[in-house]
Amino acid sequence: DKKEAGKEKGGKGGPGGKGGKTAVVVTVIKETRLDDMISSTGSILPNEEVEIHSEIAGRIIQLNIKEGDLVQKGTLLFKINDDDLQARLKKLSFNKKLAEDNEARQKVLLQKEAISQREYDIAVNSVNTIDADIEDLKVQISKCTVKAPFSGTVGFRYVSLGSYISPSSKIATLTSSNPVKIEFSIPAKYASAIHKGNSIEFTTENEEQTFNGKVYAVDPKIDPQTRTLQIRALSPNPGGKLVPGAFAKVNLITKTKGSAIMIPTESVIPEAKGNKVFVVVNGKSVPRPVVLGTREERTVEILKGLNKGDTLITNGIIQVKPDGDIEIKEVVD
């Protein structure tokens, strides 16, 4: 009969597949971000980094630097021998006591008009001079003790206990890497679109995940040699995954537009009353009327008609018929 004949005909294989099934390529609908972005490359920088040096020359008598240790701000790193300075301070304190006693006696004599005002002023000046010398000496003594200027990680140490050092001697490095800075540049033509607070997304060569940051500084001038604008952003780094010196691929978000469903333009079939697409439902091709939005070079925005998770036919659509059997030969992103 006709029904059996139809089955027999279909059994010989329809266009693009066996058993009358049409072979197609599909994609699973997902929302795409529409943010305006500028891509760039840059480097990870520490938030703070300093070479530890001494302000004065001397022999190290105390050294609390352990390579790789995390130290807190104000931690004593090393101390230089200050015995000679302490001895001079002790001597000055005795001289000050003598000068103060002399000033007190001169004051009594001045009140009795036994000495002139000038003689008394000389006694006062002697006390003040010794006070100034003591303050200067205390400053010198304070320079013998070096403390961590901020919390961070100690790098390699270049001296040992007992070393004689000078201000040019490098003791160690101290680095703070939470947060980190991301330095990158963009073409000058985008300068007007950038401002403090812009968001960035970036990946590094040693981590697969995407990190986020905020622009905190924009160079006030464009580099005349490269015609680019330097930018720096901050990114939290509590786990220490972001290593200073690493390469970064950066996306600078200039405008946030939310998200939308974008599909390949070749998936859309124009009709007299609008547009339609085909989706796969239970192994069959089902037509779906859609409302189009913004068109781009290869994609078009779907305002209505498709939902996240729908299986859209993107290739082989010419052979597809409504409610026809479908064989999925490939799923593409």
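The legends below describe close-up views of a predicted model. Local features are given only where pLDDT is at least 70 and side-chain atom pairs only at pLDDT 80 or more, while totals for chains, interfaces and linings use all residues. Residues are numbered from 1 along each chain as its sequence is written, and side-chain values use heavy atoms, with hydrogens and water left out.

**View 1. The largest pocket and its lining.**
The largest pocket has a volume of about 180 Å³; on a 1 Å grid over the protein atoms alone, a pocket is an open set of points with protein on both sides within 12 Å along at least five of seven lines, and lining residues have an atom within 4 Å of a point. Grid points are joined across faces, edges and corners, and a volume is the space filled by probe spheres set on the points. The lining is made up of T27, V28, I29, K30, T32, M262, I263, P264, T299, T314, V332 and D333. Strands β1 and β15 (259-264) each supply at least two of these residues, and β15 gives the most, with three; strands are DSSP runs of E of at least two residues, numbered from the N terminus. By class, six of the lining residues are nonpolar, four polar and two charged, where Ala, Val, Leu, Ile, Met, Phe, Trp, Tyr, Cys and Pro count as nonpolar, Asp, Glu, Lys and Arg as charged, and the others, Gly among them, as polar.

**View 2. A nonpolar surface patch that includes V28.**
V28, a residue of strand β1 (residues 22-28), forms a nonpolar patch on the surface with I328 and V331, and together they have about 250 Å² of accessible area. Such patches are made of residues with over 30% relative accessible area and no salt bridge, nonpolar side chains (Val, Leu, Ile, Met, Phe, Trp, Tyr) being joined within 5 Å; a salt bridge is a side-chain nitrogen of Lys or Arg within 4 Å of a carboxyl oxygen of Asp or Glu. Areas come from the Shrake-Rupley method with a 1.4 Å probe, and for residues only the protein chains shown count as cover. V28 counts as partly exposed because its relative accessibility is 41%, the class between buried (under 20%) and exposed (over 50%).

**View 3. The largest cavity and the cis peptide bond at P179.**
A search of the whole structure finds one cavity of 30 Å³ or more, a cavity being a set of points where a 1.4 Å probe fits but cannot get out. The largest cavity has a volume of about 30 Å³ and is lined by I52, I65, L77, V154, A172, T173 and L174. Strand β10 contributes the largest share of this lining, three residues, and by class the lining has six nonpolar, one polar and no charged residues. P179 also lies in strand β10 (residues 172-187), and a cis peptide bond with omega of about 5 degrees joins N178 to P179.

**View 4. The loop between β12 and β13.**
D223 lies in the loop between β12 and β13 and is partly exposed, with a relative accessible area of 31%. The C-alpha atoms of D223 and S185 are separated by 9.7 Å, although these positions lie 38 residues apart in chain numbering. T226, in the loop between β12 (207-218) and β13 (228-235), is partly exposed at 46%. R227, in the loop between β12 and β13, has a positive phi near 55 degrees and is a residue other than glycine.

Note on methods. Patches are made of residues with over 30% relative accessible area and no salt bridge: like charges are joined within 9 Å, nonpolar side chains (Val, Leu, Ile, Met, Phe, Trp, Tyr) within 5 Å. Helices (H or I, at least four residues) and strands (E, at least two) are DSSP runs, numbered from the N terminus. Buried means under 20% relative accessible area, exposed over 50%, partly exposed in between (1.4 Å probe, protein chains only).
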